Amino acid sequence: MKKQTQAYIFALSAILSWSTVATAFKIALEGMEYIQLLAISSSVAMIFFAILLTLKGEIKLILRTPKSDVFRSALLGFLNPFLYYLILLKAYSLLSAQLALSLNYIWPITLVLLSIPLLKQKIGLKSIACIILSFIGVIIIANKGSVTGIATPNLLGVFLALGSSIIWALFWIFNTKDHRQDLHKLFLNFTFGAIYSLTTLVILGELNLPEFKSLGAAIYIGLIECGIAYIFWLKAMTLTTSTDKIGNLVFLSPFISLFLIHLFIGETIYLSTWIGLSIIVTGILLQKITTKNKRFEQR
């Protein structure tokens, strides 16, 4: 099998795994609080990465990690998984799965906006137009297609879903400056994330045993979304001949997620959600094309 074919298989496996997460979030939140879900899933991911490092014979290298890198992981682990999922899971507890999923998907645009002050990047008028287009999609989803007023059932949930995209974008901007091995970073980030979430869980006194179905969903999230899917994606990135060949496949994920949300949770997917999400993705893709063409012209 050609390497590029293998890359597609690993990439699609990761995308299909990520597409199930919105459904798993809602199932888990039926029988536990969002902080419980965060603590369990972070701990499961930490254990998963620890097992991988042990099998690769690299667990001893973690113990030799310089203090500066440990401190960096402590900060990055606070952003993701702790703060990002804390905000996102709270949003899922307040909103329908389709709404939380779609609003959170604005993160590529948020990443571009934050790159302006933090990475000193410049964007042109075409990119600004693409960003505005994506935000129009956000408004359509949040208002369920209404043009006369806000029809969203919970404004706090909307702000949290959109706010989580800021945390996610900040994490990836700071992560670009961290050149350690991905597996080592993931393990340490989730270790600190688990410490933060378990500490918060104890402080809040949310130590009751969740329902079996919800517990299974929480373990699934930690193992699949936070663990295996990342490994599949990293493998695809090492095999592909061009990141663009697999990068755009990610945009399949939210649409697959909507089908799964309807199938397993029974949510009626609004036409405005399909339209708004399509507009968001179109804006993101056009912005990527605009940026790529600008770089080509500068050569």
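Helices here are DSSP runs of H or I with at least four residues, numbered from the N terminus. With that in mind, we can walk through this predicted model, starting at a helix in the second half of the annotated region and working outwards from there.

Let us begin with helix α10, which covers residues 182-204. Its 23 residues span 32 Å from the first C-alpha to the last, close to the 33 Å expected at 1.5 Å a residue. Just after α10 comes G205, a residue with a positive phi near 75°. At the other end of your view of this helix, look for K185 and D182, which both lie in α10 and sit three residues apart, about one turn of the helix. Their side chains meet in a salt bridge, with N and O 3.7 Å apart. The two partners differ in their surroundings: K185 counts as buried, because its relative accessibility is 5% and the cut-off for buried is under 20%. D182, at 36%, counts as partly exposed.

That contact is one of three salt bridges in the structure. Another one is found in helix α5, residues 67-94, where D69 and R72 are also three residues apart and so separated by about one helical turn. Here the side chains of D69 and R72 come to 3.4 Å, N to O. Which of these two is buried, and which is partly exposed? D69 is the buried partner, with 13% relative accessibility, while R72 is partly exposed at 34%. The remaining bridge joins E58 to K56, and the closest N and O atoms there are 3.7 Å apart. E58 counts as buried at 14% relative accessibility, whereas K56 is exposed at 52%.

Now for the wider frame. The unreviewed UniProt entry places the feature "domain: EamA" at residues 7-141 and 156-286. If you trace the chain over residues 7-141, you will find 84% helix and 0% strand. The C-alpha atoms at the two ends of that stretch are 33 Å apart.

Aromatic rings are a good guide to how the helices meet. A search of the whole structure finds 20 aromatic pairs. Take F10 and F232, which form a tilted pair with ring centres 5.8 Å apart and 55° between the planes. F10 belongs to helix α1 (residues 3-19) and F232 to helix α11 (residues 212-239), so this pair ties together parts that are 222 residues apart in sequence. Both rings have some access to the surface: F10 is partly exposed at 23%, and F232 counts as partly exposed at 25%.

A second pair brings us back to two helices we have already visited. The rings of F78 and Y196 have centres 5.8 Å apart and planes at 80°, so this pair is edge-to-face. F78 lies in helix α5 and Y196 in helix α10, so the pair links distant parts of the chain, 118 residues apart. F78 is partly exposed, with a relative accessible area of 36%, and Y196 is partly exposed as well, at 23%.

There is also a group of rings to pick out. Which residues do ring pairs link into a cluster? They are F25, Y84, Y85, Y92, W107, W168, F171 and W172. Of the helices already met, α5 runs over residues 67-94, which is a handy place to start when tracing the cluster on screen.

Moving to the surface, look for L125, I128, I132 and I136, which form a nonpolar patch. Together these four side chains' residues offer about 390 Å² of accessible area. L125 lies in helix α8, residues 125-142. Is L125 buried or exposed? With a relative accessible area of 74%, L125 is exposed.

We finish at helix α14, residues 271-298, where K288 is placed. K288 counts as partly exposed, at 32% relative accessibility. A useful partner to display alongside K288 is N248: the two are 40 residues apart in sequence, and their C-alpha atoms are 9.8 Å apart in space.

Definitions and conventions:
Residues numbered from 1 in each chain as written. Predicted model: local features only at pLDDT ≥ 70, side-chain atom pairs only at ≥ 80, totals over all residues. Heavy atoms only, no water. Expected span 1.5 Å × (residues − 1). Buried < 20%, exposed > 50% of the residue type's maximum accessible area, 1.4 Å probe, protein only. UniProt positions renumbered as here; feature names shortened; annotations may be inferred. Phe/Tyr/Trp six-rings, centres within 6.5 Å; stacked < 30°, edge-to-face > 60°. Patch = residues over 30% accessible without salt bridge, like charges linked within 9 Å, V, L, I, M, F, W, Y side chains within 5 Å. Areas by Shrake-Rupley, 256 points an atom, 1.4 Å probe, with all protein chains shown as cover.
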